Amino acid sequence: MAAPRFTGVRTFMRLPHVQELDGVDVAVVGVPTDSAVGFRSGARFGPEAIRSASILLRDHNPALDVNVVETLSMVDFGDAPTVPGYHLETLERVEAFLRPIHERGAVPLVLGGDHSLAIAELRAAASVHGALALVHFDAHPDVLDRYYGVADHFHGTVYRRAAEEGVVDPAHSIQIGMRGSVHAPGDLVAGREVGYEVIPGDELAAIGPAALGERVRDRVGDRPVALSFDIDFVDPAFAPGTGTPEVGGPTSFQALEYVRSLGALDIRTCDCVEVSPPYDPAGVTAIAAAGFCFELLSLRALFNGLR
Ligand code: MN
Ligand code: MN
């Protein structure tokens, strides 16, 4: 309350922009890239928009009864280096940027960026923590094999690659919320082919948040978690600024309930991806994304509170 929230340089949650990791629990990192999308681009502007929307976030989460800012020491670590059009190079640079954060015991909160960045995020995390339990909210499974005959690293292939590379442990991983039109029957649950548990969108709506929380906790146990939140999990009425919108998703309220239902998780890396501000002149997508980032931080803060 010392200065109006709209003043100052716009870091995430008005955190200090430093690359100092002593005593840091969470380092917020932007990954401004959209070189690996199959439809609408613009997610390179996602990190900036989420940061700008996040300045209204305050310290305490009353729904989970946790004070994020008092529990976690957090910094805005800045943006990872990216090279537009040279996507494999981008992935290498992003991984190298994130790895020291893990080596120093901090948790990255990654602001995307298209979802392909998650392979770099997971490689960096797994290099220190081993294979992670993936908790993946998305309208899409992202387990396609290849785009256009050549593209192995694309936003719709990332969790097939992650399973193949062993940076996630599919037997303790879960995908949540898949919906929309598909190429063939079974596509929404295609993640089962690589070993993931899958709760598609219609089943999610039927079981509700309490049962979801139980299913996720049963699946991941006490393993280190990678939590990924693709903003297109939320209905495009609430998050229109994204590359591949799918109608018929949760409201932002329902999506908050789903995330909160997970409770304390040992999150070692997390992200909010696929925010494409040019398709959303009202900016509601970035407001939603900032809110979901706050919930992800809250789950980590709950876990720290248990220790
Ligand atoms: Mn995705
Ligand atoms: Mn998606």
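In this predicted model, Ser173 sits in the loop that runs between α5 (158–165) and β7 (174–176). Its relative accessibility is 0%, so Ser173 counts as buried. What does the side chain of Ser173 reach at 2.7 Å? The partner is the backbone oxygen of Asp169. Setting aside neighbours within four places in sequence, Ser173 is in contact with Leu132, Ala133, Leu134, Val168, Tyr196, Glu197 and Arg219.

Let us step out from this loop to the sheet. Its 8 strands form an open sheet with parallel pairing, in the order β4-β1-β5-β10-β9-β6-β7-β8. The edges belong to β4 (74–79) and β8 (197–199); each has a single partner strand, so one side of each is left without a neighbour in the sheet. From one strand to the next, the twist averages 15°.

For a look at one pairing, take strand β9 (residues 225–230) and strand β10 (residues 267–273): they pair in the parallel sense over 6 bridges. Here Leu227 stands opposite Cys270 in β10. Helix α6 (residues 201–220) lies across β6 (133–137), β7, β8 and β9, and runs at about 150° to β8.

The aromatic rings make a good next stop. How many aromatic pairs does a search of the whole structure find? There are 9 aromatic pairs, and two of them are set out below.

| Ring pair | Centre to centre | Angle between planes | Geometry |
|---|---|---|---|
| Phe77 and Phe97 | 5.4 Å | 65° | edge-to-face |
| Phe137 and Phe229 | 5.7 Å | 40° | tilted |

Phe77 lies in strand β4 and Phe97 in helix α3 (residues 87–103), so their pair ties together parts that are 20 residues apart in sequence. Both Phe77 and Phe97 are buried.

The tilted pair of Phe137 and Phe229 links distant parts of the chain: Phe137 is in strand β6 and Phe229 in strand β9, 92 residues apart. Are these two rings buried or exposed? Phe137 counts as buried because its relative accessibility is 0%, and Phe229 is buried too, with a relative accessible area of 0%. Ring pairs also join Phe137 and Phe229 with Phe233, Tyr258 and Phe292 into a cluster.

One more ring deserves a glance, this time for its charged partner. Arg40 lies over the face of Tyr279, at 3.9 Å from the ring centre.

Definitions and conventions:
Residues numbered from 1 in each chain as written. Chains lettered and ligands numbered in written order. Predicted model: local features only at pLDDT ≥ 70, side-chain atom pairs only at ≥ 80, totals over all residues. Heavy atoms only, no water. Helix = DSSP H or I, 4+ residues; strand = E, 2+ residues; numbered from the N terminus. Buried < 20%, exposed > 50% of the residue type's maximum accessible area, 1.4 Å probe, protein only. Polar contact = N/O pair within 3.5 Å; in protein donor to acceptor, adjacent residues only side chain to side chain. Contact = heavy atoms within 4.5 Å. Pairing = 2+ DSSP bridges. Axes fitted to C-alpha atoms, helices over the stretch in contact; angles between N-to-C directions. Phe/Tyr/Trp six-rings, centres within 6.5 Å; stacked < 30°, edge-to-face > 60°. Lys NZ or Arg CZ within 6 Å of the ring centre and 35° of its normal.
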